[in-house]
Amino acid sequence: MTSTDECCPYCQQSSYLPARSYWARAVLSKIENDRNLESIDRRTWYQLARIDLLREEYRQLFVEFHEDEETKAFLQQSQEKSDNIPVQILHSLASSLLTVFIARTSANGLIGRGRMFVYSTAQFKSLLDITDSQQVPLLSLLDIGAGDGCVTERMAPVFDKVYATEMSSIMQWRLSNFGYTVLGIDNWGDLKFDVITCLNVLDRCEKPLSLLKKIREHLNSDHGRVIIALVLPFKPYVEYNNDHHPDEAIRIKSRLVEEQINEFVVNVFQPLGFRLKKLCRLPYLCEGDMERSYYFLSDYIFVLEVD
């Protein structure tokens, strides 16, 4: 936390200013929250705190990235959008109205609020070892749970054909407008894909093990790659279930992140026919609002291939 002496005059007086409205309180809160964000050492977003707890063979596969220009640009755009108070007020009012009729995720997607960022195009290419002299053609991508397509569009330039799945009909409409082929949640036909991405979905779906089996069945076995992103520590939550618990449980016993990584590879991915090829940690970023310029969680990225 920033000390009182280091705060701007507005922060110093915040405890004495009468909070006349929600908007005034939000602006004051944003000043303090953004100061806290500025104090973060963002290099830690890409590091493992206890890499010594990883199994030795996984330590050798860990790649430490850094904040590149595309990531910086997203953070800068998020701050500029968050600082635009009239736009934030309009978005807040529109979201409140729309959520009377549709889910909040769909409402935010419809008004273009809360765009996500997992990795830059350069980081994505590095995960797949794609270079200008790429020998094996990566023709098709399937992005599972693509949302509004913000993350998909950073991967799309690499492929001839891009497919996506998404539960929200509004998001499906947005994805179609991007030019992506939207598939049914459970119906992918006889298609095989060179790359399948499943970013922050396993902890939010009802049947994560069945989904992994389906991914294995539809992955090109010659040179196919799967990219799994997970927020750890693992805390599954299913929005559409009454009790919010998945039908299929992935049981992780360890508490520390690095130990959970070991468990996922040994107890989940390997028994389903996958082999770990690369591992990294990245910030899972989301555009901010009236309260702060951006939000973030820690994403752990597993690049898998057919074993």
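Two residues are in contact when heavy atoms of theirs lie within 4.5 Å. By that criterion, residues 24 or more positions apart account for 70% of the contacts with a separation of 6 or more in the protein chain. The model described here is a predicted one.

**Overall composition**

The protein chain contains eleven helices and eight strands. Of its 307 residues, 49% are buried. The accessible surface of the chain amounts to about 16000 Å², and carbon and sulfur atoms contribute 50% of that area.

**Nonpolar cores**

In soluble globular proteins, nonpolar side chains tend to be buried together. In this model, the largest nonpolar core comprises 40 residues. The residues with the most contacts inside this core are L211, I215, I228, I261, F264, F269 and F302. Two or more residues each are supplied by strand 2 (140-144), strand 5 (195-199), helix 10 (208-217), strand 6 (225-231), helix 11 (257-269), strand 7 and strand 8 (294-306). Helix 11 provides the largest share of the core, namely six residues.

The surroundings of F269 can be listed individually. When residues up to four places away in sequence are not counted, F269 touches L202, L212, I228, F264, F274, F302 and L304. A second core, separate from the largest one, has 37 residues; among them are W45, Y46, V195 and V303.

**Helix 4**

Helix 4 consists of 15 residues. From its first C-alpha to its last it reaches 21 Å, close to the 21 Å expected at 1.5 Å a residue. Its buried residues include T71, F74, L75, S78 and S82. These residues lie on the same side of helix 4, because they cover an arc of only 95° around the axis. A general property of the α-helix is relevant to such a pattern: there are 3.6 residues a turn, so residues three or four places apart point the same way.

**Salt bridges**

Side chains of opposite charge can pair when their charged atoms come close. Across the whole structure, a search finds 13 salt bridges. Three of the pairs are set out below, each with its distance from N to O.

| Salt bridge | Distance (N to O) |
|---|---|
| E67 and R42 | 2.6 Å |
| E57 and R55 | 3.0 Å |
| E287 and K81 | 3.1 Å |

The pair formed by E67 and R42 links distant parts of the chain, with the two positions 25 residues apart in numbering. E67 is located in the loop between helix 3 (56-59) and helix 4 (69-83), while R42 is located in the loop between helix 2 (22-38) and helix 3. E67 has a relative accessibility of 15% and therefore counts as buried, whereas R42, at 28%, counts as partly exposed.

In the salt bridge between E57 and R55, E57 counts as partly exposed because its relative accessibility is 36%. R55 likewise counts as partly exposed, at 37%.

The third pair in the table joins E287 to K81. E287 belongs to strand 7 (residues 274-287) and K81 to helix 4, so this salt bridge ties together parts that are 206 residues apart in sequence. E287 counts as buried because its relative accessibility is 9%, a value under the 20% limit for buried residues. K81, at 23% relative accessibility, counts as partly exposed.

Beyond these pairs, R225, R275, E305 and D307 are joined into one network by salt bridges that share partners.

How values were computed:
Residues are numbered from 1 along each chain as its sequence is written. This is a predicted model: local features need pLDDT of at least 70, side-chain atom pairs count only at pLDDT 80 or more; totals for chains, interfaces and linings use all residues. Side-chain values use heavy atoms; hydrogens and water are left out. A salt bridge is a side-chain nitrogen of Lys or Arg within 4 Å of a carboxyl oxygen of Asp or Glu. Helices (H or I, at least four residues) and strands (E, at least two) are DSSP runs, numbered from the N terminus. Buried means under 20% relative accessible area, exposed over 50%, partly exposed in between (1.4 Å probe, protein chains only). The expected span of a helix is 1.5 Å times one less than its number of residues. The arc is that of the directions from the helix axis to the C-beta atoms. Accessible areas come from the Shrake-Rupley method with a 1.4 Å probe; for residues, only the protein chains shown count as cover. A nonpolar core is a set of buried Ala, Val, Leu, Ile, Met, Phe, Trp, Tyr and Cys residues joined through side-chain atoms within 4.5 Å.
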